[in-house]
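Student: Got a minute to go through this one with me? I'd like to start with the cysteines and then move on to the ligand.

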Amino acid sequence: MTARICVLGPSGRMGRAVIEAAAGRDDVRITAAVDRAEAGGLGGEVAAGVRAIADVDGGLVGCDVYVDFTSPAASRAVAEAAVRHRRAAVIGTTGLGADDEAAIAALAKVAPIVLAANFSLGVNLVLGLVRQAARALGPDWDAEVVETHHRAKRDAPSGTALMIAKAIAAGHGVDYDQVKRHARDGDVGPRPRGEIGVAAVRGGDVVGEHTAYFFGAAERLEISHRATSRSIFAVGALRAAAWVVGQPPGRYDMLDVLGLQ
Ligand code: NAD
(Lines give C-alpha, C1' and ligand atoms only; values in the text may rest on other atoms or scores of the structure.)
Protein backbone atom coordinates (compact mmCIF):
# COMPACT_ATOMS: atom_id res chain seq x y z
CA MET A 1 0.00 0.00 0.00
CA THR A 2 1.17 3.51 -0.75
CA ALA A 3 0.53 6.02 2.04
CA ARG A 4 -0.83 9.32 0.72
CA ILE A 5 0.95 12.15 2.52
CA CYS A 6 0.06 15.77 3.19
CA VAL A 7 3.31 17.57 3.94
CA LEU A 8 3.17 20.70 6.09
CA GLY A 9 5.60 23.58 5.53
CA PRO A 10 6.87 22.57 2.07
CA SER A 11 8.91 25.80 1.97
CA GLY A 12 10.74 24.92 5.20
CA ARG A 13 14.05 23.10 5.62
CA MET A 14 12.45 19.85 6.79
CA GLY A 15 9.42 20.14 4.51
CA ARG A 16 11.76 20.31 1.51
CA ALA A 17 13.78 17.36 2.81
CA VAL A 18 10.59 15.29 3.20
CA ILE A 19 9.46 16.07 -0.36
CA GLU A 20 12.91 15.18 -1.71
CA ALA A 21 13.08 11.93 0.25
CA ALA A 22 9.59 10.89 -0.90
CA ALA A 23 10.55 11.04 -4.57
CA GLY A 24 11.60 7.59 -5.67
CA ARG A 25 9.89 5.68 -2.82
CA ASP A 26 6.87 3.52 -3.56
CA ASP A 27 5.56 3.16 0.03
CA VAL A 28 4.65 6.87 0.23
CA ARG A 29 3.40 9.57 -2.15
CA ILE A 30 3.04 13.31 -1.55
CA THR A 31 -0.55 14.18 -2.45
CA ALA A 32 -0.93 17.55 -0.70
CA ALA A 33 1.22 20.35 0.69
CA VAL A 34 0.03 23.00 3.15
CA ASP A 35 1.98 26.08 4.17
CA ARG A 36 1.30 29.37 5.96
CA ALA A 37 -0.62 31.92 3.89
CA GLU A 38 2.44 34.24 4.19
CA ALA A 39 4.95 31.58 3.09
CA GLY A 40 6.71 32.03 -0.22
CA GLY A 41 5.94 29.53 -2.96
CA LEU A 42 2.21 29.10 -2.36
CA GLY A 43 0.62 27.83 -5.56
CA GLY A 44 3.91 26.46 -6.85
CA GLU A 45 4.31 22.79 -7.72
CA VAL A 46 6.19 21.00 -4.90
CA ALA A 47 5.84 17.45 -6.22
CA ALA A 48 4.31 15.92 -9.36
CA GLY A 49 0.87 17.51 -9.71
CA VAL A 50 0.89 18.86 -6.12
CA ARG A 51 0.65 22.59 -5.45
CA ALA A 52 1.22 24.22 -2.07
CA ILE A 53 -2.02 25.54 -0.58
CA ALA A 54 -2.87 27.39 2.65
CA ASP A 55 -6.05 25.41 3.42
CA VAL A 56 -5.37 22.82 6.17
CA ASP A 57 -8.73 21.03 5.79
CA GLY A 58 -8.25 20.88 2.02
CA GLY A 59 -4.85 19.26 2.55
CA LEU A 60 -5.97 16.78 5.18
CA VAL A 61 -9.12 15.58 3.48
CA GLY A 62 -7.50 13.51 0.73
CA CYS A 63 -4.48 12.06 2.52
CA ASP A 64 -3.85 9.08 4.81
CA VAL A 65 -1.31 10.82 7.05
CA TYR A 66 0.21 14.27 7.44
CA VAL A 67 3.87 14.97 8.15
CA ASP A 68 4.49 17.99 10.35
CA PHE A 69 7.81 19.79 10.86
CA THR A 70 6.60 23.33 11.50
CA SER A 71 6.24 25.36 14.73
CA PRO A 72 4.53 24.55 18.03
CA ALA A 73 1.58 26.87 17.26
CA ALA A 74 1.12 25.37 13.79
CA SER A 75 1.39 21.81 15.12
CA ARG A 76 -1.32 22.58 17.65
CA ALA A 77 -3.68 24.18 15.11
CA VAL A 78 -3.23 21.38 12.60
CA ALA A 79 -3.71 18.67 15.27
CA GLU A 80 -7.01 20.36 16.20
CA ALA A 81 -8.10 20.26 12.56
CA ALA A 82 -6.90 16.66 12.16
CA VAL A 83 -9.21 15.51 14.96
CA ARG A 84 -12.16 16.37 12.68
CA HIS A 85 -10.66 14.20 9.92
CA ARG A 86 -9.39 11.46 12.30
CA ARG A 87 -6.18 11.79 10.35
CA ALA A 88 -2.98 9.86 11.19
CA ALA A 89 0.05 12.05 11.86
CA VAL A 90 3.83 12.09 11.98
CA ILE A 91 4.93 15.05 14.09
CA GLY A 92 8.54 16.18 14.40
CA THR A 93 8.12 19.77 15.59
CA THR A 94 10.14 20.46 18.75
CA GLY A 95 9.73 22.99 21.55
CA LEU A 96 6.08 21.95 22.10
CA GLY A 97 4.36 23.52 25.12
CA ALA A 98 1.71 21.97 27.36
CA ASP A 99 -1.18 23.27 25.19
CA ASP A 100 0.42 21.92 22.02
CA GLU A 101 1.00 18.54 23.69
CA ALA A 102 -2.64 18.51 24.82
CA ALA A 103 -3.92 19.10 21.27
CA ILE A 104 -1.69 16.29 20.00
CA ALA A 105 -2.87 13.99 22.82
CA ALA A 106 -6.48 14.71 21.79
CA LEU A 107 -5.63 13.67 18.21
CA ALA A 108 -3.96 10.47 19.49
CA LYS A 109 -7.31 9.49 21.02
CA VAL A 110 -8.92 9.25 17.58
CA ALA A 111 -6.00 8.52 15.22
CA PRO A 112 -2.56 6.88 15.31
CA ILE A 113 0.29 9.38 15.59
CA VAL A 114 4.07 9.13 15.72
CA LEU A 115 5.67 11.94 17.73
CA ALA A 116 9.45 12.11 17.85
CA ALA A 117 11.92 14.90 18.53
CA ASN A 118 14.35 12.99 16.34
CA PHE A 119 13.60 10.59 13.51
CA SER A 120 17.11 9.26 12.95
CA LEU A 121 17.92 5.61 13.58
CA GLY A 122 21.26 6.57 15.16
CA VAL A 123 19.76 8.94 17.74
CA ASN A 124 17.12 6.42 18.72
CA LEU A 125 19.89 3.88 19.34
CA VAL A 126 21.76 6.54 21.38
CA LEU A 127 18.73 6.80 23.69
CA GLY A 128 19.06 3.12 24.58
CA LEU A 129 22.85 3.34 24.94
CA VAL A 130 22.85 6.35 27.31
CA ARG A 131 20.16 4.77 29.45
CA GLN A 132 22.24 1.61 29.72
CA ALA A 133 25.41 3.61 30.48
CA ALA A 134 23.65 5.71 33.14
CA ARG A 135 22.24 2.59 34.79
CA ALA A 136 25.66 0.90 34.82
CA LEU A 137 27.70 3.94 35.92
CA GLY A 138 25.25 5.55 38.36
CA PRO A 139 25.15 9.19 39.51
CA ASP A 140 28.80 9.18 40.67
CA TRP A 141 29.68 9.64 37.00
CA ASP A 142 28.64 13.21 36.17
CA ALA A 143 26.32 13.17 33.16
CA GLU A 144 26.16 16.17 30.82
CA VAL A 145 24.59 16.63 27.39
CA VAL A 146 25.87 19.17 24.85
CA GLU A 147 24.04 19.88 21.61
CA THR A 148 25.02 22.01 18.59
CA HIS A 149 22.64 23.29 15.91
CA HIS A 150 22.46 25.81 13.07
CA ARG A 151 21.91 29.48 13.86
CA ALA A 152 18.25 29.50 12.75
CA LYS A 153 17.06 26.96 15.31
CA ARG A 154 14.53 28.61 17.62
CA ASP A 155 14.17 26.27 20.61
CA ALA A 156 16.86 25.36 23.14
CA PRO A 157 17.88 22.92 24.41
CA SER A 158 16.98 20.76 21.42
CA GLY A 159 14.19 18.22 21.76
CA THR A 160 16.77 15.51 21.13
CA ALA A 161 19.05 16.76 23.93
CA LEU A 162 16.05 16.62 26.27
CA MET A 163 15.25 13.07 25.19
CA ILE A 164 18.87 12.04 25.82
CA ALA A 165 18.93 13.76 29.22
CA LYS A 166 15.63 12.11 30.18
CA ALA A 167 17.00 8.71 29.11
CA ILE A 168 19.97 9.31 31.44
CA ALA A 169 17.58 10.21 34.28
CA ALA A 170 15.62 7.02 33.56
CA GLY A 171 18.89 5.06 33.75
CA HIS A 172 19.57 6.68 37.14
CA GLY A 173 16.00 5.91 38.20
CA VAL A 174 15.22 9.56 39.04
CA ASP A 175 12.70 12.20 37.96
CA TYR A 176 14.39 14.39 35.33
CA ASP A 177 12.77 17.61 36.55
CA GLN A 178 14.37 17.12 39.98
CA VAL A 179 17.95 16.85 38.64
CA LYS A 180 18.04 18.91 35.44
CA ARG A 181 20.33 21.92 34.94
CA HIS A 182 19.79 23.75 31.66
CA ALA A 183 22.98 25.78 31.08
CA ARG A 184 24.96 27.52 33.85
CA ASP A 185 25.64 31.18 34.49
CA GLY A 186 27.11 33.04 37.46
CA ASP A 187 27.98 31.63 40.88
CA VAL A 188 26.27 28.26 40.50
CA GLY A 189 28.44 26.54 43.15
CA PRO A 190 29.92 23.06 42.96
CA ARG A 191 28.13 20.54 40.79
CA PRO A 192 25.65 18.53 42.91
CA ARG A 193 25.92 14.74 42.66
CA GLY A 194 23.30 13.38 40.29
CA GLU A 195 22.70 16.66 38.44
CA ILE A 196 22.16 16.25 34.68
CA GLY A 197 23.39 19.27 32.74
CA VAL A 198 22.27 20.28 29.25
CA ALA A 199 23.99 23.00 27.21
CA ALA A 200 23.19 24.37 23.75
CA VAL A 201 25.61 25.74 21.15
CA ARG A 202 24.28 27.62 18.08
CA GLY A 203 26.04 28.52 14.87
CA GLY A 204 26.43 28.19 11.13
CA ASP A 205 24.61 25.43 9.31
CA VAL A 206 25.14 22.53 11.73
CA VAL A 207 22.32 20.02 11.11
CA GLY A 208 22.49 18.55 14.62
CA GLU A 209 25.13 17.16 16.98
CA HIS A 210 24.60 15.62 20.41
CA THR A 211 27.10 14.26 22.91
CA ALA A 212 26.31 12.63 26.24
CA TYR A 213 29.30 12.83 28.58
CA PHE A 214 29.81 10.59 31.60
CA PHE A 215 32.70 11.94 33.69
CA GLY A 216 34.25 9.36 36.04
CA ALA A 217 37.18 9.77 38.46
CA ALA A 218 39.99 9.33 35.93
CA GLU A 219 38.10 8.35 32.83
CA ARG A 220 35.35 9.70 30.62
CA LEU A 221 32.79 8.10 28.35
CA GLU A 222 31.30 10.06 25.43
CA ILE A 223 28.40 8.89 23.31
CA SER A 224 27.98 11.14 20.28
CA HIS A 225 25.72 11.44 17.29
CA ARG A 226 26.32 13.77 14.36
CA ALA A 227 23.76 14.37 11.64
CA THR A 228 25.28 15.73 8.45
CA SER A 229 22.09 15.84 6.38
CA ARG A 230 18.41 16.49 7.14
CA SER A 231 17.63 13.59 4.83
CA ILE A 232 18.03 11.14 7.74
CA PHE A 233 15.14 12.80 9.61
CA ALA A 234 13.05 12.93 6.44
CA VAL A 235 13.64 9.26 5.63
CA GLY A 236 12.78 8.29 9.23
CA ALA A 237 9.62 10.41 9.13
CA LEU A 238 8.51 8.77 5.86
CA ARG A 239 9.19 5.33 7.30
CA ALA A 240 7.03 6.37 10.27
CA ALA A 241 4.30 7.63 7.90
CA ALA A 242 4.17 4.34 5.99
CA TRP A 243 4.10 2.43 9.30
CA VAL A 244 1.50 4.50 11.17
CA VAL A 245 -1.32 4.26 8.61
CA GLY A 246 -3.64 1.49 9.76
CA GLN A 247 -2.29 1.33 13.34
CA PRO A 248 -4.87 1.64 16.12
CA PRO A 249 -5.34 5.17 17.52
CA GLY A 250 -2.64 6.07 20.01
CA ARG A 251 0.67 7.81 20.43
CA TYR A 252 3.77 6.03 19.14
CA ASP A 253 7.45 6.94 18.89
CA MET A 254 10.35 5.95 16.66
CA LEU A 255 11.22 2.96 18.84
CA ASP A 256 7.78 1.55 17.95
CA VAL A 257 8.35 2.23 14.26
CA LEU A 258 11.80 0.63 14.33
CA GLY A 259 10.56 -2.33 16.36
CA LEU A 260 13.03 -1.48 19.18
CA GLN A 261 10.47 -0.91 21.96
P1 NAD B 1 11.67 25.99 9.02
O2 NAD B 1 11.44 27.29 9.71
O3 NAD B 1 12.70 25.89 7.94
O4 NAD B 1 10.27 25.46 8.42
C5 NAD B 1 9.04 25.57 9.07
C6 NAD B 1 7.95 25.52 8.01
O7 NAD B 1 6.67 25.48 8.66
C8 NAD B 1 7.93 26.75 7.09
O9 NAD B 1 7.77 26.31 5.75
C10 NAD B 1 6.68 27.50 7.55
O11 NAD B 1 6.11 28.28 6.50
C12 NAD B 1 5.81 26.32 7.92
N13 NAD B 1 4.64 26.67 8.72
C14 NAD B 1 4.56 27.52 9.78
N15 NAD B 1 3.28 27.62 10.22
C16 NAD B 1 2.54 26.78 9.43
C17 NAD B 1 1.16 26.45 9.37
N18 NAD B 1 0.27 26.99 10.22
N19 NAD B 1 0.73 25.55 8.43
C20 NAD B 1 1.62 25.00 7.55
N21 NAD B 1 2.94 25.30 7.56
C22 NAD B 1 3.39 26.17 8.47
O23 NAD B 1 12.00 24.94 10.21
P24 NAD B 1 12.73 23.52 10.11
O25 NAD B 1 14.21 23.68 10.28
O26 NAD B 1 12.20 22.77 8.92
O27 NAD B 1 12.20 22.85 11.45
C28 NAD B 1 10.81 22.73 11.71
C29 NAD B 1 10.62 22.01 13.04
O30 NAD B 1 11.11 20.65 12.93
C31 NAD B 1 11.41 22.62 14.21
O32 NAD B 1 10.62 22.52 15.38
C33 NAD B 1 12.64 21.72 14.33
O34 NAD B 1 13.22 21.72 15.62
C35 NAD B 1 12.02 20.39 13.99
N36 NAD B 1 12.95 19.34 13.55
C37 NAD B 1 12.69 18.08 14.00
C38 NAD B 1 13.47 17.03 13.57
C39 NAD B 1 13.11 15.63 14.02
O40 NAD B 1 13.80 14.65 13.64
N41 NAD B 1 12.04 15.48 14.80
C42 NAD B 1 14.54 17.24 12.70
C43 NAD B 1 14.78 18.55 12.25
C44 NAD B 1 13.97 19.59 12.68
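Student: Cys 63 first: buried or exposed?
Tutor: Buried: this is a predicted model, and in it Cys 63 has a relative accessible area of 2%.

Student: And which cysteine sulfur is nearest to Cys 63?
Tutor: That of Cys 6, 5.0 Å away. Cys 6 counts as buried too, at 0% relative accessibility.

Student: So how many disulfides does the structure hold?
Tutor: Zero.

Student: Why no bond for Cys 6?
Tutor: Because the closest cysteine sulfur, in Cys 63, is 5.0 Å from the sulfur of Cys 6, which is too far. A pair would have to be within 2.5 Å to count as a disulfide.

Student: OK, switching to the ligand. Where does the ligand sit?
Tutor: The space the ligand takes up is the largest pocket.

Student: Which residues come nearest?
Tutor: There are 22 residues around the ligand, and the nearest are Ser 11, Arg 13, Met 14, Asp 35 and Thr 94.

Student: What's the mix by class?
Tutor: Nine nonpolar, eight polar and five charged residues make up the shell.

Student: What does the side chain of Asp 35 do there?
Tutor: One of its N or O atoms is 2.5 Å from an oxygen atom of the ligand. Arg 36 also has a side-chain N or O atom facing a ligand oxygen, at 2.9 Å.

Student: Which residue's backbone is 3.1 Å from a ligand nitrogen?
Tutor: Gly 92, through a polar backbone atom.

Student: And how much of the ligand's accessible area does the protein cover?
Tutor: On its own the ligand has 870 Å² of accessible area, and the protein covers 82% of that.

Key: Residues are numbered from 1 along each chain as its sequence is written. This is a predicted model: local features need pLDDT of at least 70, side-chain atom pairs count only at pLDDT 80 or more; totals for chains, interfaces and linings use all residues. Side-chain values use heavy atoms; hydrogens and water are left out. A residue is near a molecule or strand if one of its heavy atoms lies within 4 Å of it. A polar contact is a pair of N or O atoms within 3.5 Å; within protein, one must be able to donate a hydrogen and the other to accept it, and residues adjacent in sequence count only if both atoms are side-chain atoms. Accessible areas come from the Shrake-Rupley method with a 1.4 Å probe; for residues, only the protein chains shown count as cover. On a 1 Å grid over the protein atoms alone, a cavity is a set of points where a 1.4 Å probe fits but cannot get out, and a pocket is an open set with protein on both sides within 12 Å along at least five of seven lines; lining residues have an atom within 4 Å of a point. A molecule sits in a cavity or pocket if more than half of its atoms lie within 2 Å of its grid points. Ala, Val, Leu, Ile, Met, Phe, Trp, Tyr, Cys and Pro count as nonpolar, Asp, Glu, Lys and Arg as charged, and the others, Gly among them, as polar. Buried means under 20% relative accessible area, exposed over 50%, partly exposed in between (1.4 Å probe, protein chains only).
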